[in-house]
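Okay, thanks for making time for this one. Can everybody see the screen? Let me put the chain up and then talk you through it.

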Amino acid sequence: MGAARTDDERFMRRALQLAARGQGSVEPNPMVGCVIVRGGKVVGKGYHRRFGGAHAEVEALRDCRGRPRGATVYVTLEPCCFHGKTPPCTDALLAAGVKRVVTAMGDPHPRVSARGIRTLRGAGIQVDVGVLAGEAARLNAPYLKLVRQKLPWVILKWAQSLDGKLATHTGDARWVTDEQMRAHANRRRGRLDAIIVGSETVRRDDPLLTCRVGRPRRRATRIVLDTDLTTPPSRRVVKTAAEVPTWFFCSTRAPRGRADALGKAGCLVHRVPVDRTGAVDGVSLRAVLDVLGEHQMTNVLVEGGGRVLGGFFDQRLADEVHIYMAPLLVGGVAAVNALNGRGVRTMAEALRLPAATRPRRLGAGWLIAARLD
């Protein structure tokens, strides 16, 4: 029994490695990998490459060397059982005549949720669930959060000096990091559904907030938090709104004329409640995330400024941090910090990064990426 379990874990790990290749595919898809095994050897493999494309099981069946009848299928997520963009994977597995299906975890999506497993078992296929379930759940954490909580996965990102400064006391931030680090951060934009900034950042830095390196897999929607819609129409996010999706979140009291002007420029304006207890630019961050979740956004990046980052930190709305740390010392009590919210009262309340977190050398500096478990 122990040897069989070891084999199951070995093949499931292969499937998980394949699943990771699907990272960045557009739309709120889980990352799913699949391997088909016969006689102790992998004879077919595949992963879900893109939204609307063949699912991992179908890719693996197409890749199969010889007939898959009687084989064991290892898949990182419960096979789907409904007609969506593609036919049900359960139908494909049944037609292929596989003998056994091993899945890391069930799919909590309401249209699947154990129905795929029941369909296969009802047809006489042996189904085993739970092999490397923790690893599969970690890989698909953004998808699982969206399905279960109807909220996107939130990543806080900033670039800082060794002493924790985003900019000097004059507001100068060009450039904290070197070209290689900036290119790395830019590429990550191409794997996200949205990028969130405050209106102060838009007014001060006039960022474009697009991925301009490589071939992005996604085109992130630009989100600006602007309580009274004071962003000038000359800012680049407004001038290019007809080319790149751009949303403004404002309060219910924001002037209608300003909203209409932004709408004519191609922006979409959302009015949300004001959070007096933990507001950033007056806009309720939870209300913003609720809207993004309703629009099926899976991964969102919060780029700043310090008050926006601090607001997400204070309200414990973040799931992950990406910190680009440059070998610089800036100094100054009035210099800009990353998390300019209230902060914690005691060290016991501080968010501790996982013990395994290690800085990664990048350009002249380091990248610290960690989930806030």
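I'll start with the pocket, then go to the helices, and finish with some backbone oddities and a few residue pairs. One thing before we start: this is a predicted model.

So, the pocket. The largest one has a volume of about 1,100 Å³. There are 39 residues lining it, and the closest to its centre are Lys 157, Ala 173, Trp 175, Asp 205 and Glu 303. Keep Trp 175 in mind, we'll come back to that residue.

Where does the lining come from? Several elements supply at least two residues each. On the strand side you've got β6 (153–160), β7 (165–167), β8 (194–198) and β12 (299–304). On the helix side, look at α7 (179–189), α8 (199–205) and α12 (306–314). And which element gives the largest share? That's α7, with 5 residues. As for chemistry, the lining splits into 17 nonpolar, 9 polar and 13 charged residues.

Back to Trp 175, then. Trp 175 sits in the loop between β7 and α7, and the peptide bond joining Arg 174 to Trp 175 is cis, with omega at about -10 degrees. So you have a cis peptide bond at Trp 175, and Trp 175 is also among the residues closest to the centre of the largest pocket.

While we're on the lining, have a look at α12. Phe 312 belongs to that helix. Is Phe 312 buried or exposed? Buried, and the relative accessibility is 1%. For a sense of span, go from Phe 312 to Thr 72: they're 240 residues apart in sequence, and their C-alpha atoms are 45 Å apart in space.

Okay, helices packing on helices. In general, you describe a packed pair by the angle between the axes and the distance between them. Take α2 (residues 56–63) and α3 (residues 89–96): their axes come within 9 Å and cross at roughly 30 degrees. Angles under 35 degrees count as roughly parallel, so that's what we call α2 and α3. The crossing of that pair is left-handed.

Now stay on α3 and turn to its pairing with α4. Here the axes come within 10 Å, crossing at roughly 20 degrees. That puts α3 roughly parallel to α4 as well. What about the hand of this crossing, left or right? For α3 and α4 it's right-handed, whereas α2 and α3 cross left-handed.

Just ahead of α4, there's a small backbone quirk. Ser 113 lies in the loop between β4 (100–103) and α4 (115–122). Ser 113 isn't a glycine, yet its phi is positive, about 30 degrees. With a relative accessibility of 36%, Ser 113 counts as partly exposed.

Next up, α11, residues 285–294. Of its 10 residues, 7 are buried, so this helix is largely enclosed by the rest of the structure. The buried ones are Leu 285, Ala 287, Val 288, Leu 289, Val 291, Leu 292 and Gly 293. Arg 286 is also in α11, but that residue is partly exposed, at 39% relative accessible area. If you want another long span, Arg 286 and His 48 are 238 residues apart in sequence, with 31 Å from C-alpha to C-alpha.

Right after α11 comes the other phi oddity I wanted to show. Gln 296 is in the loop leading from α11 to β12. Gln 296 has a positive phi, about 60 degrees, and again we're not looking at a glycine. Its relative accessible area is 41%, which makes Gln 296 partly exposed.

Last bit: two pairs that come together in space. Val 238 is in helix α9, residues 236–239, and at 4% relative accessibility Val 238 is buried. How far is Val 238 from Ala 265 in space? The answer is 6.5 Å between C-alpha atoms, with the two positions 27 residues apart in sequence numbering.

The other pair is Arg 218 and Arg 191. Those are also 27 residues apart along the chain, and their C-alpha atoms are separated by 5.4 Å. Arg 218 falls in the loop between α8 and β9 (221–225). It's an arginine that counts as buried, with a relative accessible area of 10%.

That's everything from me, so over to you.

Definitions and conventions
Residues are numbered from 1 along each chain as its sequence is written. This is a predicted model: local features need pLDDT of at least 70, side-chain atom pairs count only at pLDDT 80 or more; totals for chains, interfaces and linings use all residues. Side-chain values use heavy atoms; hydrogens and water are left out. On a 1 Å grid over the protein atoms alone, a cavity is a set of points where a 1.4 Å probe fits but cannot get out, and a pocket is an open set with protein on both sides within 12 Å along at least five of seven lines; lining residues have an atom within 4 Å of a point. Grid points are joined across faces, edges and corners, and a volume is the space filled by probe spheres set on the points. Helices (H or I, at least four residues) and strands (E, at least two) are DSSP runs, numbered from the N terminus. Ala, Val, Leu, Ile, Met, Phe, Trp, Tyr, Cys and Pro count as nonpolar, Asp, Glu, Lys and Arg as charged, and the others, Gly among them, as polar. Buried means under 20% relative accessible area, exposed over 50%, partly exposed in between (1.4 Å probe, protein chains only). Axes are lines fitted to C-alpha atoms, for helices over the stretch in contact, and angles run from 0 to 180 degrees between N-to-C directions. Angles under 35 degrees count as roughly parallel, over 145 as roughly antiparallel, 65 to 115 as roughly perpendicular and the rest as oblique. A crossing is left-handed if the near helix is turned anticlockwise from the far one by less than a right angle, and right-handed if clockwise.
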